[in-house]
Amino acid sequence: MRECVARGTNRLALRRAAVQPAQAVLDGHRGPVSAPRRIDALDQRIIEALQSNGRESFRAIAARVGVSEATVRARYARLCDDDILQVVAVTNPLGLGFEQALIGLKTAGSPQPVADVLASWPEADYVVVTAGQFDLVVEVVAADRRDLLHLTNRMRELEGVVSTETFLYLDLVKQLYDWGTRP
């Protein structure tokens, strides 16, 4: 009913990909995050309702925000198409037996080519270009420690990667996605 992304599943079964990762990089689309777009007050209220309860029906949201169900459905579809909104089941990978780590990478030159490659990897669920000690920060989910070692070795072999530092997750203490929207 409210499925923005309903295509292939990666091998870790934690998230779905809208397009094949290699094709995504070729298209210049690197994941569910895009440049900020202006949203209006109605979009904001719909997003906040779904952040509060991603399973709430369009009918209930429509009643709360004072518009028709069709309007909520159309706005929802546009927000998904514009890569602003994605409603998914959020899991704790550690609780499912996976290894999870944050990896800081230093690059020679622009970090963008390395970011593009890493964004195509199904194990990378978060890739950001940063300012500070690291040029890139990547969150990965691996089947086990051996798989995590394989991932970090693959990263080190990428052209442009100077060094990596891995921060292994020992416990997931807090994970929220209800920060609201910008006014």
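Buried here means under 20% relative accessible area, exposed means over 50%, and partly exposed is anything in between, with a 1.4 Å probe and protein chains only. This is a predicted model, in which local features need pLDDT of at least 70 and side-chain atom pairs count only at pLDDT 80 or more, while totals for chains, interfaces and linings use all residues. Residues are numbered from 1 along each chain as its sequence is written, and side-chain values use heavy atoms, with hydrogens and water left out.

**The sheet**

Begin by selecting residues 99–107, which form strand 1, a mostly covered element in which seven of the nine residues are buried. Helices (H or I, at least four residues) and strands (E, at least two) are DSSP runs, numbered from the N terminus, and two strands pair if DSSP finds at least two bridges between them.

Add residues 136–142, strand 3, which runs antiparallel to strand 1 and is joined to it by seven bridges; here Glu99 stands opposite Ala142. Then add residues 161–168, strand 4, which is also antiparallel to strand 1 and joined to it by seven bridges, with Leu105 standing opposite Thr164. Strands of a sheet pair through backbone hydrogen bonds, either parallel or antiparallel.

Now show the four strands together: they form an open sheet in the order 2-3-1-4, with antiparallel pairing. Strand 2 (124–129) and strand 4 stand at the edges, and each has a single partner strand, so one side of each is left without a neighbour in the sheet. From one strand to the next, the twist averages 20°.

Move to the strand 2 edge, where strand 2 and strand 3 pair in the antiparallel sense over five bridges. Along this pairing Val129 stands opposite Leu136, and the bridge partner of Val127 in strand 3 is Val138. The hairpin of these two strands has six residues between the strands, and within the hairpin Gly132 takes a positive phi near 125°.

**Helices on the sheet**

Select residues 112–119 next: this is helix 5, which lies across strand 1, strand 2, strand 3 and strand 4 and runs at about 165° to strand 2. Axes are lines fitted to C-alpha atoms, for helices over the stretch in contact, and angles run from 0 to 180 degrees between N-to-C directions. Helix 6 (residues 145–157) packs on the sheet as well, touching strand 1, strand 3 and strand 4, and its direction makes about 150° with that of strand 3. Contact in this tour means heavy atoms within 4.5 Å.

**Helix 4 and helix 3**

Turn to residues 69–81, helix 4, whose 13 residues should span 18 Å at 1.5 Å a residue, in agreement with its end C-alpha atoms, which are 18 Å apart; the expected span is 1.5 Å times one less than the number of residues. Its buried residues are Val72, Arg75, Tyr76, Leu79 and Cys80. They cover an arc of only 135° around the axis, which puts them on the same side of helix 4, the arc being that of the directions from the helix axis to the C-beta atoms. On the other side of helix 4, Ala70 and Asp81 are exposed, whereas the buried residues pack against helix 2 and helix 3.

Select residues 58–65, helix 3, where the buried residues are Phe58, Ile61, Ala62 and Val65. They cover an arc of only 100° around the axis, which puts them on the same side of helix 3. Arg59 and Ala63 are exposed on the other side of helix 3, and the buried residues of helix 3 pack against helix 2 and helix 4. Gly66 follows helix 3 and has a positive phi, near 80°.

**Asp83**

Go to Asp83, in the loop between helix 4 and strand 1. Asp83 has a positive phi of about 60° although it is not a glycine, and it is partly exposed, with a relative accessible area of 23%. Most residues other than glycine have a negative phi, and most peptide bonds are trans.

**Helix 2**

Finish with residues 41–52, helix 2, which contains Asp43. Which residues does Asp43 touch, not counting residues up to four places away in sequence? These are Arg37, Arg75, Arg78 and Leu79. The side chain of Asp43 makes a polar contact (a pair of N or O atoms within 3.5 Å; within protein, one must be able to donate a hydrogen and the other to accept it, and residues adjacent in sequence count only if both atoms are side-chain atoms) with the side chain of Arg75, at 2.9 Å. Asp43 is buried, with a relative accessible area of 1%.

Leu50 is also found in helix 2 and counts as buried at 6% relative accessibility. The C-alpha atoms of Leu50 and Gln86, 36 residues apart along the chain, are separated by 9.7 Å.
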